[in-house]
Structure formats: structure tokens, C-alpha cells
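Subject: Structure handover

Hello,

Here is the structure for you to take over. Please look through it first; the notes on what was found come after it.

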Amino acid sequence: MNKIKEFFSEYGKIVSKIIINHIAMTVFGIIVLISTSKSRVLFHASGALAILMYMFLLYMIMWELGAQNKVRVEAGRIKKDRWLGLKISLVANSLFILVSLVEMILWFFVTPDAVTGVNNACGVLKIIMNYVYGMYLSISSLAPNFGAMHLLLAIPAILCCTLSYLAGLSGMKCIFPDKKENKKK
């Protein structure tokens, strides 16, 4: 229990920053995708843009944390934890993953051509998760009856956070690399 409290006191702001960015990109994704829904090409292009912007925000948050922790590790103030990006991302996405798991389990009990409580619950969860993953609507519209879709949509964010943190921890810049200056003497 003490480790959990320590984790949240140390990284609670990062977790909340990821959740706030997720909510902001959900709203952005829904607005953009609704406004481009008349053209299939624009719909999917704007969906890709929303996803890329979301991944960019996650990259920046986690790379910065990794770079800060690199300095702290080199100074001997903290122990190197290669899995911290994964842990933070799993905590930030835990509620979404849990609801997606419930939706996926209910999906196995849905009966076609029948109105049951399971069908209704699964439908409500599907609508909620479409709003939660608004930036991914262009992808989830491709397979609307796939029960594990929303669970799979958590994977890109988890991978992005994990790899971005590792890049920051190693001092590697993936998106904005340092310019190499030609020094002539």
C-alpha cells in the first residue's frame, strides 16, 4: 500500500496530465470526425490526424519525464526503472481498459435479434467507449461489431508511453532530433 501511495505522490501529476490530454483529444477527435463525416476520405484522414496528434502529446509527456529521470538516475537520486512508462500508462488507462474488458465479456453473450439486458448493457458500454475513444472513431467504425475493439484501442497509447519514456531515459529524441552542427576548425 505504501508503494502505491508513493507512486501516486511521485507520478500522479503525469497520470492526470495523460488523462486530461486523452479527454481533450477525445473531444477534438469527435468534433473533427463529425465535421468530416460526409466524406469517407476526409473522415479517415482526419481520424489519422487525430490519432497522430494524440500520440504526439503522449510522446512529449513521457519523453520529458524520461529525460528528467535520466538526470536523476545519473545523479544517483533514483533507481532506473525501464517499465515506468508502461506502469504510468496502465494506471492512466486502467478505467478505460476495465470498461473495455466488461464490454468485451458482455459482447460474447449478446444475442442477435433479441432485446435483452445484456444487449442493452453492451450497447450502452459501446456508446460510452466510442465517446471515450473519440479520436479512434475512424478506426472503430471499420469493425463496429467487434467486441474487443475498444480494448485493442488502448494498446497504441500504452506502447507510445512505454517507448517514449524509454527514449527519454536513454536521451534519444525521435521526433525532434538535435541538429548536428558542423564544426570546422
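**Cysteines**

The sulfur of Cys160 has its closest cysteine sulfur in Cys161, 5.8 Å away, which is too far for a bond. A disulfide is counted when two cysteine sulfur atoms lie within 2.5 Å, and the structure holds 0 of them. In general, a disulfide is a covalent bond that joins the sulfur atoms of two cysteines. Cys160 counts as buried because its relative accessibility is 15%; buried means under 20% relative accessible area, exposed means over 50%, and partly exposed is in between, with a 1.4 Å probe and protein chains only. Cys122 is also buried, at 7% relative accessibility.

**What kind of model this is**

This is a predicted model, in which local features need pLDDT of at least 70 and side-chain atom pairs count only at pLDDT 80 or more, while totals for chains, interfaces and linings use all residues. Residues are numbered from 1 along each chain as its sequence is written, and side-chain values use heavy atoms, with hydrogens and water left out.

**Overall layout**

The protein has 8 helices and 0 strands. Helices (H or I, at least four residues) and strands (E, at least two) are taken from DSSP runs and numbered from the N terminus. Read from that end, the order of elements is α-α-α-α-α-α-α-α. The C-alpha trace spans about 75 × 45 × 20 Å along its principal axes. Of the 185 residues in the protein, 37% are buried.

One buried position is Gly85, at 0% relative accessibility. Gly85 is found in helix α3. Its C-alpha is 11 Å from that of Asn69, and the two are 16 residues apart in sequence.

**Salt bridges**

A salt bridge here is a side-chain nitrogen of Lys or Arg within 4 Å of a carboxyl oxygen of Asp or Glu. By this rule there are 3 salt bridges.

- Arg72 pairs with Glu10, with the closest N and O atoms 2.9 Å apart. This pair links distant parts of the chain, 62 residues apart: Arg72 is in helix α2 (residues 40–74) and Glu10 is in helix α1. Arg72 is partly exposed at 21% relative accessibility, and Glu10 is partly exposed at 39%.
- Lys70 pairs with Glu74, at 3.5 Å from N to O. Both residues lie in helix α2, 4 residues apart, about one turn of the helix. Lys70 is partly exposed at 27% relative accessibility, whereas Glu74 is exposed at 59%.
- Asp81 pairs with Lys87, with the closest N and O atoms 2.8 Å apart. Asp81 is partly exposed at 22% relative accessibility, and Lys87 is partly exposed at 40%.

**The largest pocket**

Asp81 appears again in the lining of the largest pocket. For the search, a 1 Å grid was laid over the protein atoms alone; a pocket is an open set of points where a 1.4 Å probe fits, with protein on both sides within 12 Å along at least five of seven lines, and lining residues have an atom within 4 Å of a point. Grid points are joined across faces, edges and corners, and the volume is the space filled by probe spheres set on the points.

The volume of the largest pocket is about 430 Å³. It is lined by 15 residues, and those closest to its centre are Glu6, Phe7, Tyr11, Asp81 and Leu84. Helices α1 (2–35) and α3 (84–92) each supply at least two lining residues. The largest share, 7 residues, comes from α1.

**A nonpolar surface patch**

Which residues form the nonpolar patch on the surface? They are Ile105, Trp107, Phe108, Phe109, Val110, Phe146, Leu152, Ile155, Leu159 and Leu163, with about 970 Å² of accessible area together. Such a patch takes residues with over 30% relative accessible area and no salt bridge, and joins nonpolar side chains (Val, Leu, Ile, Met, Phe, Trp, Tyr) within 5 Å. Accessible areas come from the Shrake-Rupley method with a 1.4 Å probe.

The elements giving two or more residues to the patch are α4 (94–107) and α8 (155–170). The largest share, 3 residues, comes from α8. Phe108 sits in the loop between α4 and α5 (117–132). Phe108 is exposed, with a relative accessible area of 58%.

Regards

Notes
Patch = residues over 30% accessible without salt bridge, like charges linked within 9 Å, V, L, I, M, F, W, Y side chains within 5 Å.
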